[in-house]
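Me: I've got a model open here and I'd like a close look at a single part of it. Could you start with the strand at the beginning of the chain and then work outward from there?

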Amino acid sequence: TATCGVVTSVTGDSFTVEALRPRRESADAEPGAVTVTTTAATTWTTQAAAGPEALVVGGCVLAIGEADSTGAVTAASIAVSPAVDGSCGGLGD
């Protein structure tokens, strides 16, 4: 399970996110508060500006944008990360 949104509070080892949770049956999203708890095993990452040079065959990507009638996406934003043990983790896991 994954969540993505705006952090609305931080307390000790947890924080609350005003999250958008896409519904599988439609393109709409419904907001909701989600509490996230961290542990010593939590992996933290940070984002940095990048360009097309960040794309590599075998890497992982999350492209967000509008899809046309064929399913092709015009990206508004792209997140790139390395594969771990040959697979991509992240949103939706």
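Reply: Sure, let's start with G5, which sits in strand β1, the stretch covering residues 5-11. Keep in mind as we go that this is a predicted model. G5 is partly exposed, because its relative accessible area is 46%, and that falls between the 20% mark for buried and the 50% mark for exposed. If you set aside the neighbours within four places in sequence, G5 is in contact with V17, E18 and A19. There's also L20 to look at: it is 15 residues from G5 along the chain, and the two C-alpha atoms are separated by 6.2 Å.

Now hop over to T16, which belongs to strand β2, residues 14-22. T16 counts as buried because its relative accessibility is 18%, and the cut-off for buried is under 20%. Its contacts, again leaving out neighbours within four places in sequence, are V6, V7, T8, S9, A33, V34 and T35. Strand β1 spans residues 5-11 and β3 spans 29-37, so you can place that contact list of T16 on either side of it: V6, V7, T8 and S9 are in the β1 range, while A33, V34 and T35 are in the β3 range.

How much should you trust this corner? Among the elements of the protein, β1 has the highest mean pLDDT, at 91, and β3 the lowest, at 79. For the protein as a whole the mean pLDDT is 83, with 83% of the residues reaching 70 or more. Where pLDDT is low, the predicted coordinates shouldn't be read in detail.

Stepping back, the secondary structure comes to zero helices and five strands, running β-β-β-β-β from the N terminus on. Buried residues make up 8% of the 93 residues, and T16 is one of the buried ones. Of the contacts with a separation of 6 or more, 18% are between residues 24 or more positions apart. The accessible surface comes to about 7600 Å², and carbon and sulfur atoms account for 57% of that.

Further along the chain, the thing to click on is the disulfide, and the structure holds one. It is formed by C60 and C88, with their sulfur atoms 1.9 Å apart. The pair links distant parts of the chain: C60 is in strand β4 (residues 60-67), C88 is in the segment after β5 (73-81), and 28 residues separate them. The link of C60 and C88 is left-handed, with -90° about the S-S bond. The two ends have their own surroundings: C60 is buried, with a relative accessible area of 5%, whereas C88 counts as partly exposed at 45% relative accessibility.

While you're in the segment after β5, have a look at D85, which lies there too. Its phi is near 55°, a positive value in a residue other than glycine. Most residues other than glycine have a negative phi. D85 counts as exposed because its relative accessibility is 81%, and the line for exposed is drawn at over 50%.

Last stop is the outside of the model. L55, V61, I78 and V80 make a nonpolar surface patch of about 350 Å². L55 is found in the loop between β3 and β4. V61 falls within the residue range of β4, while I78 and V80 fall within that of β5.

Methods:
Residues numbered from 1 in each chain as written. Predicted model: local features only at pLDDT ≥ 70, side-chain atom pairs only at ≥ 80, totals over all residues. Heavy atoms only, no water. Helix = DSSP H or I, 4+ residues; strand = E, 2+ residues; numbered from the N terminus. Buried < 20%, exposed > 50% of the residue type's maximum accessible area, 1.4 Å probe, protein only. Contact = heavy atoms within 4.5 Å. Areas by Shrake-Rupley, 256 points an atom, 1.4 Å probe, with all protein chains shown as cover. Disulfide = S-S within 2.5 Å. Patch = residues over 30% accessible without salt bridge, like charges linked within 9 Å, V, L, I, M, F, W, Y side chains within 5 Å. Salt bridge = Lys/Arg side-chain N within 4 Å of Asp/Glu carboxyl O. pLDDT = per-residue confidence, 0-100.
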